[in-house]
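Here's a quick walk through a model, written for someone who likes cut-offs spelled out. Have a look at the sequence and structure first, then read on.

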Amino acid sequence: MSDNQILDMRTEKNTGLKIKESFWQKSIKLSLILFAGILIISCDYDRRTTGWDYAGDFINSNAYETYSPNPNFANGRTMQPPVPGTIPRGTMPYQYKKTDEDRALAAQNLVNPLENSAENLSRGKEAYGIYCLQCHGETGDGKGRLFVNKKYTYPPASLLSEKMKIAPEADIYHVITVGWGIMGEHGSMIKQEDRWKIAMYIKTELQKSALTANSK
Ligand code: HEC
């Protein structure tokens with residue numbers, strides 16, 4: 001074998017290797033393109049479907065979706081409002097309106113059904129801190145943060161006034177439930193029980209501690 005022949009064999013080998021390399025490179029590129037293509041095809045602009053799926057009956061319910069149109073109802077909607085007069089479980093309809101007469105009637109007729117216990121007072125204090133303190137103040141004097149820094153311009157009433165000291169818990173309960181004067185109703189956001197607990201806390205703790213503070 002001459003030197004030249006050996007050289008030829010080497011170059012042949014080399015070129016063979018090169019061909020092999022580019023074949024792998026090509027196939028990697030090809031599979032990347034294929035993968036990207038599949039990815040794009042499987043994208044779906046309609047968010048209500050998952051595209052191709054396996055055992056689709058498990059995924060797509062035959063039932064109407066909450067917000068989908070529905071020919072079975074007169075108003076054409078799937079989600080229906082509650083029947084007029086429906087009372088949510090655990091709530092009692094409130095018969096008194098936001099008037100001075102009804103406030104007096106409520107104060108006279110309603111009685112706090114809850115026991116005056118440390119547990120109820122502690123929840124009352126907590127709920128007062130969430131719903132009332134920002135206006136009526138930590139001590140109930142009507143100088144809450146919202147009023148003091150002038151974000152709320154109308155003076156929130158003092159809950160320690162002579163008028164409020166005479167008023168029963170039901171009077172406070174009524175004001176929380178339907179509001180009074182410029183103060184809005186809180187009945188829709190505070191549970192009935194918590195409204196009684198707040199009233200209990202104002203009478204039992206805030207007004208009592210105001211008494212001891214004054215006598216010092
Ligand atoms: C956004 C501020 C604000 C919040 C929150 C608020 N109040 Fe009031 N409240 C007022 C204002 C203002 C008045 C006075 C209304 C008026 O004179 O027209 C008032 C009046 C009252 C009165 C009547 C006082 C009186 O002398 O007749 C009571 C009782 C009362 N609030 C209790 C509460 C309780 C309890 C909470 C929490 C559940 C609460 N308020 C939450 C602003 C607020």
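## The ligand shell

Some bookkeeping on residue classes: Ala, Val, Leu, Ile, Met, Phe, Trp, Tyr, Cys and Pro count as nonpolar, Asp, Glu, Lys and Arg as charged, and the others, Gly among them, as polar. By that split, the shell around the ligand has 16 nonpolar residues, 5 polar ones and 1 charged one. To be near the ligand, a residue needs its C-beta atom, placed from the backbone, within 6 Å of it.

Which of the 22 residues around the ligand come nearest? They are Cys132, Cys135, Ala157, Gly181 and Met183. Helix H4 (133-136), helix H6 (162-166) and helix H7 (169-178) are the elements that give two or more residues to this shell.

## What kind of model this is

This is a predicted model, where local features need pLDDT of at least 70, side-chain atom pairs count only at pLDDT 80 or more, and totals for chains, interfaces and linings use all residues. Numbering starts from 1 along each chain as its sequence is written.

The pLDDT is the predictor's confidence in each residue, from 0 to 100. The protein averages 87, and 84% of the residues score at least 70. Confidence is lowest in helix H1 (residues 3-42), with a mean of 73, and highest in H7, at 98. Where pLDDT is low, the predicted coordinates should not be read in detail.

## Overall layout

Helices (H or I, at least four residues) and strands (E, at least two) are DSSP runs, numbered from the N terminus. On that basis the protein has 8 helices and 0 strands, so the order of elements from the N terminus reads α-α-α-α-α-α-α-α.

Burial is a neighbour count: a residue is buried if 20 or more other C-beta atoms lie within 10 Å of its own, exposed if 12 or fewer, and partly exposed in between, with C-beta atoms placed from the backbone. Buried residues make up 16% of the 216 residues. Two residues are in contact if their C-beta atoms, placed from the backbone, lie within 7 Å. Among contacts with a separation of 6 or more, 54% join residues 24 or more positions apart.

## The core and H7

A nonpolar core is a set of buried Ala, Val, Leu, Ile, Met, Phe, Trp, Tyr and Cys residues joined through C-beta atoms within 7 Å. The largest one here has 20 residues, and those with the most contacts inside it are Ile172, Tyr173, Ile198, Ala199, Tyr201 and Ile202. Helix H3 (118-131), H7 and helix H8 (192-215) each supply at least two of its residues, with H8 giving the largest share, 7 residues. Leaving out residues up to four places away in sequence, Ile202 touches Gly140, Leu159, Ile172 and Gln207.

Why is H7 largely enclosed by the rest of the structure? Because 10 of its 10 residues are buried. The set includes Glu169, Asp171 and His174 along with Ile172, Val175 and Ile176. Ala170 sits in H7 too and counts as buried with 20 C-beta neighbours inside 10 Å. Its C-alpha lies 4.7 Å from that of Ala107, although the two are 63 residues apart in sequence. Not counting residues up to four places away, Ala170 touches Ala106, Ala107, Leu110, Val111 and Asn112. H7 is followed by Gly179, which has a positive phi near 85 degrees.

## Loops and exposed spots

Most residues other than glycine have a negative phi, and most peptide bonds are trans. Lys150, not a glycine, has a positive phi of about 65 degrees. Lys150 is in the loop between helix H5 (145-148) and H6, and it counts as exposed because it has 7 C-beta neighbours inside 10 Å.

Asp141 lies in the loop between H4 and H5 and is partly exposed, with 16 C-beta neighbours inside 10 Å. Its C-alpha is 5.9 Å from that of Leu159, 18 residues apart in sequence. Beyond its neighbours within four places, Asp141 is in contact with Ser158 and Leu160. Leu211, in H8, is exposed with 11 other C-beta atoms within 10 Å; its C-alpha is separated by 8.9 Å from that of Leu160, 51 residues apart along the chain.
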